[in-house]
Amino acid sequence: MGALLFLLCFSFVSAKDEMTSSLLIGNARIDIRIEGSTLRLPAKDIFRWVRSAAESVTAYYGRFPVPQVLIRITPFEGRGIRNGMTFGDRGGRITVRVGNETSPAEFASDWMLTHEMVHLAFPSVDERHHWIEEGIATYVEPIARIHAGHLKAEQMWFDLVRDMPQGLPQVGDRGLDRTHTWGRTYWGGALFCLLADVEIRRQTNNAKGLENALRGILDAGGDIRKEWNLEDALRTGDRAVGVSVLQPLYTKMKDKPVSVDLDSLWMQLGVRSDGASVHFDDSATLSAIRQAITAGESSAARHSPPSKPFAVFAGRAVGFP
């Protein structure tokens with residue numbers, strides 16, 4: 001876990017109106033390029049934000065997904081983090097807009113950069129399968145942040161209970177491959193991932209989950225820089241966990257609507273929501289699966305004292321707490 005806990009950054013000005021900084025995590029390099037040199041925010045806030053997202057993705061996948069990625073930040077007047085997009089060209093790149101008045105608390109609660117980094121860890125597939133790319137990023141992002149200690153499990157399950165119904169098929173639905181609405185693309189894809197995660201853990205007696213399947217795909221060379229056939233990717237994931245779940249579930253959901261009783265699923269997982277908060281029922285049938293989904297493999301490391309990374313930003317040393 002040393003790669004996760006120690007980060008080293010360098011910085012230099014690469015052009016008249018741009019500043020590029022580099023952050024190392026394990027054997028991967030994250031280049032951070034700020035357009036126009038007009039981002040009026042403390043350097044440490046930017047580095048802490050990028051570091052947090054990189055830690056989260058590394059905790060889930062066991063390593064950072066690609067050897068090098070460029071994050072291009074475009075400042076705007078105002079606050080918030082907007083318009084994240086990820087591309088597989090040039091070794092991998094992410095574009096995102098950041099407001100000049102964004103607070104440390106807004107950076108700390110941001111989900112978007114982690115979501116975009118998750119995209120790096122799955123191969124590019126045909127446009128009709130865009131739901132799997134967005135679904136994985138939507139489902140994995142909060143789990144990855146929990147694994148790295150940046151989000152509470154209660155918040156994730158509250159959000160899933162509230163938002164997952166948006167992924168259910170509506171009138172006229174023709175399956176995930178042929179229904180390209182926002183809800184089915186993002187939350188329909190996330191629903192596929194949740195069902196797959198639960199079923200993999202069922203069939204392996206909770207020894208493995210979706211993260212093991214996705215790690216298997218990544219370790220076989222399936223990152224965003226490569227173009228793969230989706231079914232090849234799913235079969236690779238199934239081989240990694242030793243059970244056939246992803247491919248059969250795709251066959252079932254790809255070209256026809258599949259109804260899912262979410263209320264029953266939450267009940268079995270032991271998730272009780274009153275609309276304002278959630279509490280957990282550890283006596284529920286699948287409560288052990290719920291706990292395993294968010295436990296990850298990094299809990300012991302999170303209780304170890306981390307090393308203090310440092311950065312050099314525009315010629316100044318910047319320490320992180």
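A residue counts as exposed when its relative accessible area is over 50%. Arg-90, with a relative accessible area of 68%, is therefore exposed. This briefing concerns a predicted model of a protein of 321 residues, of which 54% count as buried. The secondary structure comes to 13 helices and 10 strands. Among the contacts with a separation of 6 or more, 63% are made by residues 24 or more positions apart.

**Backbone conformations with positive phi**

- Arg-90 is located in the loop that runs between strand 5 and strand 6, and its phi is near 55°, a positive value in a residue other than glycine.
- Asn-83 also has a positive phi, near 55°, and is likewise a residue other than glycine.
- Asn-83 belongs to strand 5, residues 81–87, and its relative accessibility of 46% makes it partly exposed.
- A further positive phi, near 85°, is found at Gly-149, which follows helix 5.

**Parallel strand pairing**

- Strand 3 (residues 28–35) pairs with strand 4 (residues 68–76) in the parallel sense, through six bridges.
- Strand 4 is also joined to strand 6 (residues 93–99) by seven bridges, and these two strands run parallel.
- Leu-70 of strand 4 has Asp-31 opposite it, and Leu-70 also stands opposite Arg-93 in strand 6.

**Helix 5**

- Helix 5 covers residues 130–147, and its 18 residues should span 26 Å at 1.5 Å a residue; the C-alpha atoms at its ends are 26 Å apart, which agrees.
- The helix has a kink of about 35° at Val-140, shortly before the proline Pro-142.
- Of the 18 residues in helix 5, 17 are buried, so that the helix is mostly covered.

**Aromatic pairs**

- Six aromatic pairs are found in a search of the whole structure.
- One of them joins Trp-131 and Phe-192 in an edge-to-face arrangement, with 5.2 Å centre to centre and 70° between the planes.
- Trp-131 lies in helix 5 and Phe-192 in helix 7 (residues 182–203), so this pair ties together parts that are 61 residues apart in sequence.
- Both Trp-131 and Phe-192 are buried.
- Trp-182 and Tyr-186 form a stacked pair, with 5.6 Å centre to centre and 25° between the planes.
- Trp-182 and Tyr-186 are separated by about one helical turn, because they are four residues apart in helix 7.
- An α-helix has 3.6 residues a turn, so residues three or four places apart point the same way.
- Tyr-186 is partly exposed, with a relative accessible area of 24%.
- Trp-131 and Phe-192 also belong to a cluster with Tyr-250, linked by ring pairs.

**Nonpolar core**

- The largest nonpolar core holds 89 residues, and the members that touch the most others are Ile-30, Tyr-61, Phe-64, Ile-73, Met-117 and Trp-266.
- Leaving aside residues up to four places away in sequence, Trp-266 touches Trp-157, Leu-160, Val-161, Met-164, Leu-194, Val-271 and Arg-272.

**Buried residues and their contacts**

- Thr-294 is part of helix 12, residues 287–295, and is buried, with a relative accessible area of 10%.
- Not counting residues up to four places away in sequence, Thr-294 touches Ile-146, His-147, Ala-153, Met-156 and Trp-157.
- Trp-157 is thus among the residues touched by Thr-294 and among those touched by Trp-266.
- Leu-41 is found in the loop between strand 3 and helix 2 (43–61).
- Leu-41 has a relative accessible area of 15% and is buried, because buried means under 20%.
- Outside the residues up to four places away in sequence, Leu-41 touches Ile-46, Val-98, Gly-99, Asn-100, Thr-102 and Phe-107.
- Leu-41 and Thr-102 are 61 residues apart in sequence, while their C-alpha atoms are 7.8 Å apart in space.

Terms used: Residues numbered from 1 in each chain as written. Predicted model: local features only at pLDDT ≥ 70, side-chain atom pairs only at ≥ 80, totals over all residues. Heavy atoms only, no water. Expected span 1.5 Å × (residues − 1). Bend = angle between axes of the 7 residues up to and from the residue. Buried < 20%, exposed > 50% of the residue type's maximum accessible area, 1.4 Å probe, protein only. Pairing = 2+ DSSP bridges. Contact = heavy atoms within 4.5 Å. Core = buried A, V, L, I, M, F, W, Y, C linked by side-chain atoms within 4.5 Å. Phe/Tyr/Trp six-rings, centres within 6.5 Å; stacked < 30°, edge-to-face > 60°.
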